Amino acid sequence: MNLKNNSYFLINFIFVIIIGVVLCYSYFFYPNNQPISCVYKLQTGLGCSSCGLSRAFSAFTHLKWEEGKAYNSNALLCFYFFMSQFVFRLSIIFLIVIFKKTIRPFFIWTESAITIILFIFTFYKFLL
């Protein structure tokens, strides 16, 4: 594994760990057991654009799609984004470790650009 692939492997590995922890957190803290409250809502009494996101993710990890959409209407797209990133990055790790594939710079740049575009498309609603 060359230095470029080693760095790319490490970044993908870190993303898989972080997304995996978020998914585990969502699964084990089912909607009404969320230990973290929205600071904005506690201070102002008003909901923000991300209110209900953790509860929605919890519902989605339990395959309760309608319940999750009721918590936050934008959450399903975010959940799909994170699940696709988890599977995609796990696949890259698999290719590098098991098949000893060399990842070319063109693939890295293209994948990075697509991920950034998808991230902006997924999360722009939270900025409005």
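Reader: Which residues of H3 are buried?
Author: In this predicted model, the buried residues of H3 are Leu53, Ala56, Phe57, Ser58, Ala59, Phe60 and Thr61. The helix is mostly covered, since 7 of its 9 residues count as buried.

Reader: And which residues of H5 do the H3 residues meet?
Author: On the H3 side, Leu53, Ala56, Phe57, Phe60 and Thr61 take part, and they meet Ala75, Leu76, Cys78, Phe79 and Phe82 of H5. The residues of this contact divide into 9 nonpolar and 1 polar, with no charged residue among them.

Reader: How do people describe two packed helices, and at what angle do H3 and H5 cross?
Author: In general, a packed pair is described by the angle between the two axes and the distance between them. Here the axes of H3, residues 53–61, and H5, residues 75–97, come within 10 Å and cross at roughly 60 degrees.

Reader: Is that crossing left-handed or right-handed?
Author: H3 passes H5 in a right-handed crossing.

Reader: What about H5 and H6, at what angle do they pack?
Author: H5 and H6, the latter covering residues 105–123, pack at an angle of about 165 degrees, and their axes are 10 Å apart. Angles over 145 degrees count as roughly antiparallel, and H5 and H6 are therefore roughly antiparallel to each other. As for handedness, H5 passes H6 in a left-handed crossing.

Reader: Which residues make that contact?
Author: From H5 the contact draws on Leu77, Cys78, Phe81, Phe82, Gln85, Phe88, Arg89 and Ile92, while H6 contributes Phe107, Glu111, Thr115, Leu118, Phe119, Phe121, Thr122 and Phe123. Sorted by class, the contact of H5 with H6 has 11 nonpolar, 3 polar and 2 charged residues.

Reader: Glu111 caught my eye there; which residue does Glu111 form a salt bridge with?
Author: Glu111 forms a salt bridge with Arg89, and the closest N and O atoms of the two are 2.5 Å apart. This pair links distant parts of the chain, with Glu111 in H6 and Arg89 in H5, 22 residues apart.

Reader: Are Glu111 and Arg89 buried or exposed?
Author: Both Glu111 and Arg89 are buried.

Reader: How many salt bridges does the count come to?
Author: The count comes to 2 salt bridges. Besides the pair of Glu111 and Arg89, Lys69 forms a salt bridge with Glu66, with the closest N and O atoms 3.2 Å apart.

Reader: How far apart are Lys69 and Glu66 in helix H4?
Author: They are 3 residues apart in H4, which spans residues 65–71, so Lys69 and Glu66 are separated by about one helical turn. As a general point, an α-helix has 3.6 residues a turn, so residues three or four places apart point the same way. Lys69 is partly exposed, with a relative accessible area of 34%, whereas Glu66 counts as exposed at 57% relative accessibility.

Reader: Switching to the loops: what is the phi of Leu63?
Author: The phi of Leu63 is near 60 degrees, which is a positive value in a residue other than glycine. In general, most residues other than glycine have a negative phi. Leu63 lies in the loop between H3 and H4, and at 61% relative accessibility Leu63 counts as exposed.

Reader: And where is Lys100, and what is the phi of Lys100?
Author: Lys100 has its place in the loop between H5 and H6. Its phi is near 55 degrees, again a positive value in a residue other than glycine, and Lys100 counts as exposed, at 64% relative accessibility.

Technical notes
Residues numbered from 1 in each chain as written. Predicted model: local features only at pLDDT ≥ 70, side-chain atom pairs only at ≥ 80, totals over all residues. Heavy atoms only, no water. Axes fitted to C-alpha atoms, helices over the stretch in contact; angles between N-to-C directions. Helix = DSSP H or I, 4+ residues; strand = E, 2+ residues; numbered from the N terminus. Left-handed = near helix turned anticlockwise from the far one by under 90°. Contact = heavy atoms within 4.5 Å. Nonpolar A, V, L, I, M, F, W, Y, C, P; charged D, E, K, R; others polar. Buried < 20%, exposed > 50% of the residue type's maximum accessible area, 1.4 Å probe, protein only. Parallel < 35°, antiparallel > 145°, perpendicular 65-115°, else oblique. Salt bridge = Lys/Arg side-chain N within 4 Å of Asp/Glu carboxyl O.
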